[in-house]
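Reader: I should be grateful for a close look at one part of this structure, with its surroundings described in order.

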Amino acid sequence: MSVDVVRLGAHIGARIDGVRLGGDLDARTVTAVRAALAEHKVIFFRGQHHLTEDGQYEFARLLGTPTTPHPTVTSAGAKSLAIDSQQTRSNVWHTDVTFVDRVPKASILRAVALPSYGGSTTWASTVAAYNSLPEPLKRLAESLRARHSNRYDYAAEVEQRPADTDRAYRREFESTYFETEHPVVEVHPDTGERALLLGCFVKEIVGVSSSESRALFRLFQDRITRLEHTTRWDWELGDVAIWDNRATQHYAIDDYDGSEHRRLTRITLAGEVPVGVDGTTSTVIAGDADPYTAAPLEHAA
C-alpha cells in the first residue's frame with residue numbers, strides 16, 4: 001500500500017490516505033502507521049466501511065496488546081467499548097483510564113452511528129503543552145505528582161442529567177474504586193518526549209492545599225487545551241481514529257440533541273506504568289488493574 005500522510009496541524013493530527021485497515025495489513029504499512037502516530041499523536045482514516053468489530057480488533061493487535069474494554073464498565077462487550085450517547089457523553093478533557101497504574105498506550109476508535117450534525121471530537125497534544133511551558137514552569141511540573149480516581153468531575157456532569165441510563169452508567173463506572181498517583185510529567189516510553197499527565201480524572205495535586213491543588217491543575221490543564229495544541233475531527237461513517245493516549249487528551253463535543261444517536265467502538269492497547277523525569281514511577285493507592293490489562297509489569301513500582 002502507498003501510505004500518504006496529510007498533516008492537519010503543526011503540533012498534532014494527520015490524515016492517512018491509501019490504507020485499508022484490517023488484521024491482514026502488511027508489516028511495512030504497520031510500521032508506517034506506527035511512525036505517523038508517534039509523530040502526529042492522533043491519526044485519522046477515512047472510508048474504512050469494510051471494518052467490523054472483529055476486523056478492528058485484529059488490526060489493533062498489530063499495534064499492541066488489546067486490553068479488556070474497560071476496568072469497570074464490563075457490560076458493553078468482550079472486545080470493544082461502546083462510546084454511545086444513549087448511555088453517557090464524555091464531554092470533558094481526559095486521557096483515557098488514568099486512574100489505573102498502567103495508563104493505556106493507544107486507542108482505536110471506529111464510527112458506527114453518527115448524528116446528522118455535531119458530534120466531532122477534539123484532541124490536544126500534551127507533549128506540545130509541556131514544550132510550550134517556560135523553564136520555571138517545566139521544573140515545577142516535573143516536581144509534582146497527582147492522584148487520579150474514577151470518581152471524578154465528569155461523574156458530577158452526568159448527575160446533572162437525571163436519565164436512568166446516565167445513573168446506571170455512573171454506577172457501573174464507579175463499581176470498583178481505583179486511585180493511582182502519577183507524575184504530572186511523564187517521559188514517553190517510546191519517543192522519550194515529555195508530556196503532561198492530567199485530565200478530568202485528577203483528584204488532587206499531592207502535597208499542597210486543596211486551593212493550591214486546583215490552581216496548579218488549572219495552570220497546566222489550560223496549557224494543554226490551548227487551541228494551537230489541538231486538532232478537531234468531524235466524523236463520517238467509515239472513519240477510524242487512532243491516538244497515542246500517553247501524549248494526548250481528547251474531548252467529545254456534545255453539540256447535538258438527545259434525539260440524535262452517536263455510537264463509536266473503542267479498542268484500547270495496554271500500556272506501561274508511567275515514569276517521571278526523576279525516574280520514579282506511578283504508584284497504586286487503590287484498585288487492582290491486572291484483570292483489565294495484559295501490559296508488562298517490569299516497570300511497576
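Author: A polar contact is a pair of N or O atoms within 3.5 Å, one able to donate a hydrogen and the other to accept it; residues adjacent in sequence count only if both atoms are side-chain atoms. The model is predicted, so local features need pLDDT of at least 70 and side-chain atom pairs pLDDT 80 or more, while totals for chains, interfaces and linings use all residues. Residues are numbered from 1 along each chain as its sequence is written, and side-chain values use heavy atoms, without hydrogens or water.

Such a contact is found at the start of helix α1, where a side-chain oxygen of Asp26 comes to within 3.2 Å of the backbone nitrogen of Arg28. Helix α1 (a DSSP run of H or I, at least four residues; a strand is E, at least two) covers residues 27-40, 14 residues in all. From its first C-alpha to its last, α1 reaches 20 Å, close to the 20 Å expected at 1.5 Å a residue, counting one less than the number of residues. After the helix comes Lys41, whose phi is positive, near 75°.

The two sides of α1 may now be described. Thr29, Val30, Val33, Ala36, Leu37 and His40 are its buried residues (under 20% relative accessible area; exposed is over 50%, partly exposed in between). Seen down the axis of α1, these buried residues fall within an arc of 125°, so they line one face of the helix; the arc is taken from the directions of the C-beta atoms. On the other side of α1, Ala27, Arg28 and Thr31 are exposed.

The buried residues of α1 pack (heavy atoms within 4.5 Å) against β1 (4-7), β2 (14-17), β3, α2 and β13 (240-244). Two of these strands also carry aromatic residues. In strand β3, Phe44 pairs with Trp123 of strand β6 (residues 121-125), 79 residues apart. Their rings are edge-to-face, 5.3 Å centre to centre with 65° between the planes (centres within 6.5 Å; planes under 30 degrees apart are stacked, over 60 edge-to-face, the rest tilted). Both Phe44 and Trp123 are buried.

Trp123 also forms a tilted pair with Trp243, at 5.5 Å centre to centre and 50° between the planes. Trp243 lies in strand β13, 120 residues from Trp123 in the chain. The relative accessible area of Trp243 is 1%, so Trp243 counts as buried. Ring pairs link Phe44, Trp123 and Trp243 with Trp233 and Trp235 into a cluster.

Notes: Buried < 20%, exposed > 50% of the residue type's maximum accessible area, 1.4 Å probe, protein only. Phe/Tyr/Trp six-rings, centres within 6.5 Å; stacked < 30°, edge-to-face > 60°.
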